[in-house]
Amino acid sequence: MKRLLITGAGGNLGRQMRARLGDLAEIVRLADRGGMDPAGDNEEVVTCDLGDAEAVSKMVEGCDAIVHFGGQPVEAPWSVVKNANIDGMYNLYEACRIHGCKRVVFASSNHAVGFFKQNEVIDNTVYPKPDGLYGVSKVFGEMLASMYFEKFGIETASIRIGSCFPEPANHRALTTWLSFDDLERLIRRCLDVPRLGCPVIYGNSANTANFWDNSKVAWLGWKPQDNAEDYRDAVNAKCEKPAADAPDVVYQGGGFTADGIHQE
Ligand code: 15L
């Protein structure tokens, strides 16, 4: 493709994928509110607040596909969540519609379904149970993607990312961990596949412990290869095992379920 846009390029996942996905397009446009390294070969760097419709329109213009990591990544006061993840998503999809960008990989989150219990196995057709305003905003993003697909044919993979870090940080992450390599493989599939549609995909590695069922998106051909189990001893050594009734053990969304509404 001619130009791939990666939003949130200064964040945890954006930085990782910037370093890995450069071969996918002649030009990779990197966007964030700030905090990005200068443009390298075949890169463009753009500063953009997702709440600013005009800036988002300029950011999207000329792009063939978007990997959208941008937005508020954890629970926050409503004005913050709303600006980045509600208004920001609307601005992004309107820009896609106007400028003819037809494919998006959206970093949704497991917090869209955080109130499911860890002893339940859920697939991508369950009615969401968000665990906070942030989780609600991710459900909104998935629904917006669905509408722009049905109405305008803009294809989106909404990845309900688990815990995407260099390694599992705690006991819950032994189930929710997604390695950077598996995320890269998934994004490549979503951008390569001739017909994507608008699937919701759980973003976790091939962890032995698992409460997410991706069988309905097996057609995508994504085969995660890493397994959090390899880190169990390391996690046991560095983290105290949480009590059996701790949110981190009971709910898929872990501690997010116990968080209150953040005030301004
Ligand atoms: C998320 O959605 C967050 O962006 C990330 O920082 C982690 O908290 C992750 O979920 C998780 O559930 O571990």
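This report describes the overall build, the sheet and the ligand surroundings of one protein chain, taken from a predicted model.

The protein chain has eight helices and nine strands. Its radius of gyration is 18 Å, close to the 18 Å that the globule rule gives for 264 residues, so the chain is as compact as a globular protein of that length. Taken along the principal axes, the C-alpha atoms of the chain fill a box of roughly 50 × 40 × 35 Å.

Seven strands come together in an open sheet, where they follow the order 3-2-1-4-5-7-8 and the pairing is parallel. Strand 3 (43-47) and strand 8 (200-203) stand at the edges and have a single partner strand each, so one side of each is left without a neighbour in the sheet. On average, and with direction ignored, neighbouring strands of this sheet are turned by 20° against each other. As background, strands of a sheet pair through backbone hydrogen bonds, either parallel or antiparallel. At one edge, strand 2 (residues 27-32) runs parallel to strand 3 and is joined to it by five bridges, and D32 has T47 in strand 3 as its bridge partner. Helix 4 (residues 133-152) packs on the sheet, where it touches strand 5 (103-109), strand 7 (155-161) and strand 8, and its direction makes about 155° with that of strand 5.

The ligand has around it the residues P73, V74, S109, N110, H111, Y134, G162, S163, F165, R172 and F256. For three of these residues, the table gives the distance from a polar side-chain atom to an oxygen atom of the ligand.

| Residue | Distance to a ligand oxygen atom |
|---|---|
| S109 | 2.7 Å |
| Y134 | 2.7 Å |
| S163 | 2.6 Å |

On its own, the ligand has 320 Å² of accessible area, and the protein covers 79% of this area.

Terms used. Residues are numbered from 1 along each chain as its sequence is written. This is a predicted model: local features need pLDDT of at least 70, side-chain atom pairs count only at pLDDT 80 or more; totals for chains, interfaces and linings use all residues. Side-chain values use heavy atoms; hydrogens and water are left out. Two strands pair if DSSP finds at least two bridges between them. Helices (H or I, at least four residues) and strands (E, at least two) are DSSP runs, numbered from the N terminus. Axes are lines fitted to C-alpha atoms, for helices over the stretch in contact, and angles run from 0 to 180 degrees between N-to-C directions. Contact means heavy atoms within 4.5 Å. A residue is near a molecule or strand if one of its heavy atoms lies within 4 Å of it. A polar contact is a pair of N or O atoms within 3.5 Å; within protein, one must be able to donate a hydrogen and the other to accept it, and residues adjacent in sequence count only if both atoms are side-chain atoms. Accessible areas come from the Shrake-Rupley method with a 1.4 Å probe; for residues, only the protein chains shown count as cover. The radius of gyration is taken over C-alpha atoms; the globule rule is 2.2 Å times the number of residues to the power 0.38.
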